[in-house]
Amino acid sequence: HAKHGFLETICFYDANIGATVRNRRQLAEDLRRALERGELEIHYQVQMSLNSSQGIRGYEALLRWTHPVIGPISPSEFIPVAEENGLIASLGAWVLNKACEDASRWEPAYRVAVNVSAVQFMDTNLPRLVHEALVTTGLSPHRLELELTETALVKDKARSLHIMRQIKDLGVGLALDDFGTGYSSLETLRTFPFDKIKLDRAFVGEMEQDRQSKAIVRAVLALGKSLDIPVLAEGIETEEQMEILQQEGCDEGQGFLLGRPSQVDRLIQHGGPVQNEARKPAEPTRKMA
Ligand code: C2E
Ligand code: MG
Ligand code: MG
Ligand code: MG
C-alpha cells in the first residue's frame, strides 16, 4: 500500500487496535461461557525421577480449551486474557479443585502440580482456596505442588513471602517454574522458600548444540545441590538430552520424550502412567544410567 496519507494510516491502525481489543474481550466472554458450561479440560503430563529411584513422581495439570470456532487455543494465550478480564480467579479455582479431585483418585504415591498465574497469586486468597480444595477433595497436602513464576513474586516481596509461608504451612509444595528466564532468578531463590526448581526448557533444548546452555544447566544443577533444592528439567525431547541430564545428576524430568500431556481417563485406566505414542513412562525395561 504505497500511498497512504498520515490520517489514513492512523485510522487504519486505530481500526486494527480496536479490533484486537474487541477480539480479546470477545475471547474472554467465550472463555467465561466455556468455564460455565464445563467445556474446559485438564491434561496431565508425567514428571519422572531421573536418578536411581526412577519411576513416576507425579503429573502437571495443563489447562486445555478448544474454542468452538477458532479451535484449540494455548493456555499461554488465553491465561493472559483471563488475567486481564477478571476471569482468572474463577478459572484458577476451577483448575485447583479439579486437579485435586482427579489426583485424589490416583495412586497415593503420585503428586499433582498446578500452575498459578501471577494475577491469581496476588489477587485471590490463595491459601484459603488451597485449603478448601484439599478439604473438599480429601487430597493429602504433600501431594499437591503449586508452580509459580518469578513475575508473580517480584511486585510485592513481603506479601508474596507471607502468602507462600501460609501455603507451605498447609503442607503444600512450591515449585519455581521456568527457572532461568526471569530477571533475577538467583535473588528469587535466595528470598523465597521454594521446594523445587523447574529449569526452563529453553536451556534443555539448546544443551546439545550450545556449550553455553549446557554450562548453564550444569551450574543450575550444582546450585540446586548446594541449596538442597531438587531440580526438574522441563522439555526433554531426546534420549541424548535425557542422558546428559542423568549424567549431570538432575533429579527429575518432564517432556515429550517421557510423556505428552494427556487426558485423565488414560491415567486412571493405566493406574497412573500415561500411555501414549511417545513412550510409556513406567516401562520397567527402560534402562537408566
Ligand atoms: P508451563 O507451566 O511451563 O508448562 C509446560 C509447557 O511446556 C506446557 O505447554 C507443555 O505442554 C509444554 N511441554 C511439555 N513438554 C514439552 C516438550 O518436551 N517440548 C515442548 N516443546 N513443550 C513441552 P502448555 O500446556 O501449552 O502450557 C503453556 C503454559 O501455560 C504453561 O507453561 C503455564 O505457564 C500455562 N498454563 C497451563 N495450564 C495452566 C493453568 O491451569 N493455570 C495457569 N495459571 N497457567 C497454566
Ligand atoms: Mg508449569
Ligand atoms: Mg515451565
Ligand atoms: Mg511457561
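Me: Before we start, what does "buried" mean here?
Reply: Happy to explain! This is a predicted model, and each residue in it has a relative accessible area. Exposed residues are over 50%, partly exposed ones lie in between, and buried means under 20%.

Me: Is Glu234 buried or exposed?
Reply: Let's apply that cut-off: buried means under 20% relative accessible area. Glu234 has a relative accessible area of 11%, so Glu234 is buried.

Me: How many helices and strands should I look for in the protein?
Reply: The protein has 289 residues, and 46% of them are buried. Among contacts between residues at least 6 apart in sequence, 66% join residues at least 24 apart. As you trace the chain, look for eleven helices and ten strands.

Me: Which residues coordinate the magnesium ion (ligand 3)?
Reply: Start with the spacing of the donors along the chain, which is D-D-x55-E. The two D positions are Asp177 and Asp178, each giving an OD atom, and the E is Glu234, listed twice with OE. The distances run from 2.0 to 2.8 Å, and the residues are Asp177, Asp178 and Glu234.

Me: How many residues apart in sequence are Asp177 and Glu234?
Reply: Both residues coordinate the magnesium ion (ligand 3). Asp177 lies in strand 6 (residues 173-179), while Glu234 is in the loop between strand 8 (231-233) and helix 10 (239-247), so the pair ties together parts of the chain whose separation in sequence is 57 residues.

Me: Which residues coordinate the magnesium ion (ligand 2)?
Reply: Here the spacing of the donor residues is E-x54-N-x31-E-x29-D. The atoms are OE, OD1, OE and OD, at 2.0 to 2.2 Å. In chain order, the residues are Glu60, Asn115, Glu147 and Asp177.

Me: How far apart in sequence are Glu60 and Asp177?
Reply: Glu60 belongs to strand 2 and Asp177 to strand 6, so this pair links distant parts of the chain. Their separation is 117 residues.

Me: Which residue bridges the two magnesium ions?
Reply: The magnesium ion (ligand 2) and the magnesium ion (ligand 3) lie 4.1 Å apart. One residue coordinates both of them. That residue is Asp177.

Me: What is the relative accessible area of Asp177?
Reply: Recall that buried means under 20%. Glu60, from the magnesium ion (ligand 2) site, counts as buried at 5% relative accessibility. Asp177 is buried too, with a relative accessible area of 7%.

Me: Which residues are the closest to ligand 1?
Reply: There are 24 residues surrounding ligand 1. Asp177 turns up again, with a side-chain N or O atom 2.9 Å from an oxygen atom of ligand 1. The closest residues are Arg64, Asn115, Asp177, Glu237 and Phe256.

Me: How far is a polar side-chain atom of Gln45 from a nitrogen atom of ligand 1?
Reply: Two side chains are worth viewing here. For Arg201, an N or O atom of the side chain is 3.4 Å from a nitrogen atom of ligand 1. For Gln45, the distance is 3.0 Å.

Me: How many residues of strand 1 are buried?
Reply: Strand 1 has several partners. With strand 2 (residues 56-67) it pairs in the antiparallel sense over eight bridges, and it also pairs in the antiparallel sense with strand 10 (residues 262-263) and with strand 9 (residues 252-253). Strand 1 (residues 41-49) is mostly covered, and its buried residues number eight of nine.

Me: Which residue in strand 2 is the bridge partner of His43?
Reply: Strand 1 and strand 2 form a hairpin with six residues between them, and Gln54 in the turn has a positive phi of about 50°. Elsewhere on strand 1, Tyr44 stands opposite Ser262 in strand 10, and Met48 has Gly253 in strand 9 as its partner. For His43, the partner is Leu62.

Me: Which helix gives the largest share of the largest nonpolar core?
Reply: This core has 78 residues, and those touching the most other members include Tyr44, Leu91 and Phe121. The largest share is eight residues, and it comes from helix 3 (residues 88-103).

Me: What do the buried residues of helix 10 pack against?
Reply: Those buried residues are Gln241, Met242, Ile244, Leu245 and Gln246. After the helix comes Gly249, whose phi is positive, near 80°. The buried residues pack against helix 8 (201-206), helix 9 (211-227) and strand 8.

Terms used
Residues are numbered from 1 along each chain as its sequence is written. Chains are lettered from A and ligands numbered from 1 in the order in which they are written. This is a predicted model: local features need pLDDT of at least 70, side-chain atom pairs count only at pLDDT 80 or more; totals for chains, interfaces and linings use all residues. Side-chain values use heavy atoms; hydrogens and water are left out. Donors are N, O and S atoms within 2.8 Å of the metal (3.2 Å for Na, K and Ca); water is not among the atoms, so sites may look incomplete. Helices (H or I, at least four residues) and strands (E, at least two) are DSSP runs, numbered from the N terminus. Buried means under 20% relative accessible area, exposed over 50%, partly exposed in between (1.4 Å probe, protein chains only). Two strands pair if DSSP finds at least two bridges between them. A nonpolar core is a set of buried Ala, Val, Leu, Ile, Met, Phe, Trp, Tyr and Cys residues joined through side-chain atoms within 4.5 Å. A residue is near a molecule or strand if one of its heavy atoms lies within 4 Å of it. A polar contact is a pair of N or O atoms within 3.5 Å; within protein, one must be able to donate a hydrogen and the other to accept it, and residues adjacent in sequence count only if both atoms are side-chain atoms. Contact means heavy atoms within 4.5 Å.
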